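Colleague: I am new to this structure and would like to learn how to read a few of its features. Could we look at it together, step by step?

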Amino acid sequence: MRPRVGASMGRRRFLALSAGGAAAGASALSGCALQVAGAATGGGESITVMAKLDDIAPELIQQAQKELGIRITLVQDDITRLIAMLTSGNPPDLVRGVGALDAPFYAARGVAEDLDPYFAKSTVLRVEDLDPVNDLWRYDGAVQGKGPRYGMAKDFSQDAMYWYNTAQFDRAGVDYPAETEPITYEEWLEKAGRLVERKNGQTTVYGGSYNGVNIVVLLTNLVAAAGGNIFSEDFTRVDFTTPEARRALTWYVDYAKARVGPSLIQPNPDAWDGPTYVANRMAMSGSGYWLGGMINADPKIAKVSRLAPAPVFEGGPRLSSCQAGTGMWMPKKARNKDAAWRVFEWFFGEGPAKARAAGGWGIPTLKSLRPLMPQKEDYQKRVFRVQEAELKHFSVTPFTPYAKWDALEALLNQVMPAAMNGRISVDTLAGRLNSSVNEQLKRGKEQVG
């Protein structure tokens, strides 16, 4: 049976479907006072936006007040708080979400507003100007990428692409990857092994980092790159024992065992690739074009940085996926929808969107903003040329509506270190992943209906 898009969702039922589950959510909901940062003052309309505190900086909040006459109260993005607000009938007016992973989850539960009528009337966000990546935010009750639009991506990357530091390559005597032809995942790992630097048993320069947006979506896309599909056709089960899934699992376990980059058994002290890469402590970073926003801010790093196509598995298809498509959606019970939509248009199509595009923070999700991408310097022109060529291989890997991605990631984080440390085989790992993940999906399917 397909998820009933638009079905009502009670508090207890929604909690059961959330990342933390009913028990974790209930303990945090009592006296759930909102901690608000950056609320602008003044008259006129106001909306509440749930996002990361650095998604909408204080100066943007002030800019919205000045340009739109709309006050924005920013609430820290938090699934437990979101559940409390949704189920109490007082939701935020806009909510941050990861299109590739969140859109089916919220649409299937009937808590997200169908934004098609708003897009149809908009002169800022015209449907014909939307990049295809925005189809991540569509869901028809069975298939992601079709049906109503429930949100929009603020920017995107083909997240399997990777940056590399030519100075690190030169020092290690390693050949650069080709600009438009992909190397294999095995070749990428071999290069990382030659690029890693260690001193007194400690890693001083990572040879390469390849962890995707998160482990769940990384494995989903690695299996697709191997020619398979991690999910069953109806998204109610996973199978990590197929040849394609085992190939993907084996590669990622081998990556962790080699200790050439951050992993569950070798965490990055910086928490993510950006600071490490720009500090010359990482030779390759599988972070996609989006990292260019941080790289462009440091001309010394930018001049020695290049972008390369997504790797492939020998004999597998050439795919270059978007693993995130982070943006916003509007709850069905939002109280200030018209004001929220005006902020939505401004954030995704006007000043803030133009600034993100010009800074290299992801590929714009409006095709008309593509010319704003950095192309002034020779090294920026090279990156733009590589990225434009890679768009021909753009792909999306649909995700299950029956579980929140972070709930599945928690399960993977519990099981995978044993294989990475060599205590269990990949076959044993595959079986354990099937057992734990399929139990989670079974519960989600029963609750959605």
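Colleague: Is E179 buried, exposed or partly exposed, and what is its relative accessible area?

Modeller: Bear in mind that this is a predicted model. Buried is the word for a residue under 20% relative accessible area, and exposed for one over 50%. E179 has a relative accessible area of 28%, so it is partly exposed.

Colleague: With which residue does E179 form a salt bridge?

Modeller: The general idea is that side chains of opposite charge can pair when their charged atoms come close. In this structure the partner of E179 is R382, and the closest N and O atoms of the two are 3.4 Å apart. The pair links distant parts of the chain, since E179 belongs to the loop between α7 (166-172) and α8 (185-195) while R382 belongs to helix α16, 203 residues apart. R382 also counts as partly exposed, at 23% relative accessibility.

Colleague: Which parts are tied together by the salt bridge of D427 and R246?

Modeller: The side chains of D427 and R246 meet with an N to O distance of 2.5 Å. D427 lies in helix α18 (residues 426-448) and R246 in helix α10 (residues 243-258), so their salt bridge ties together parts that are 181 residues apart in sequence. D427 is partly exposed at 48% relative accessible area, and R246 is partly exposed at 30%. Elsewhere, salt bridges that share partners join D102, K404 and D406 into one network.

Colleague: Are D155 and K154 buried or exposed?

Modeller: Both D155 and K154 are buried, and their side chains meet in a salt bridge with an N to O distance of 3.0 Å.

Colleague: How many salt bridges are there by this rule?

Modeller: The count comes to 23 salt bridges.

Colleague: Turning to the strands, in what order do the three strands of the open sheet stand?

Modeller: To read a sheet, follow the order of its strands and ask which partners each one has. Here the order is β12-β9-β13, with antiparallel pairing. Strands β12 (284-285) and β13 (305-308) stand at the edges with a single partner strand each, so one side of each is left without a neighbour in the sheet. Strand β9 (residues 162-165) pairs with β13 over four bridges in the antiparallel sense, and N165 has S305 in β13 as its bridge partner.

Colleague: Which helix packs on the sheet, and which strands does that helix touch?

Modeller: Helix α16 (residues 378-390) packs there, touching β9 and β13, and its direction makes about 10 degrees with that of β13. Helix α16 is also where R382, the salt-bridge partner of E179, is found.

How values were computed. Residues numbered from 1 in each chain as written. Predicted model: local features only at pLDDT ≥ 70, side-chain atom pairs only at ≥ 80, totals over all residues. Heavy atoms only, no water. Pairing = 2+ DSSP bridges. Helix = DSSP H or I, 4+ residues; strand = E, 2+ residues; numbered from the N terminus. Contact = heavy atoms within 4.5 Å. Axes fitted to C-alpha atoms, helices over the stretch in contact; angles between N-to-C directions. Salt bridge = Lys/Arg side-chain N within 4 Å of Asp/Glu carboxyl O. Buried < 20%, exposed > 50% of the residue type's maximum accessible area, 1.4 Å probe, protein only.
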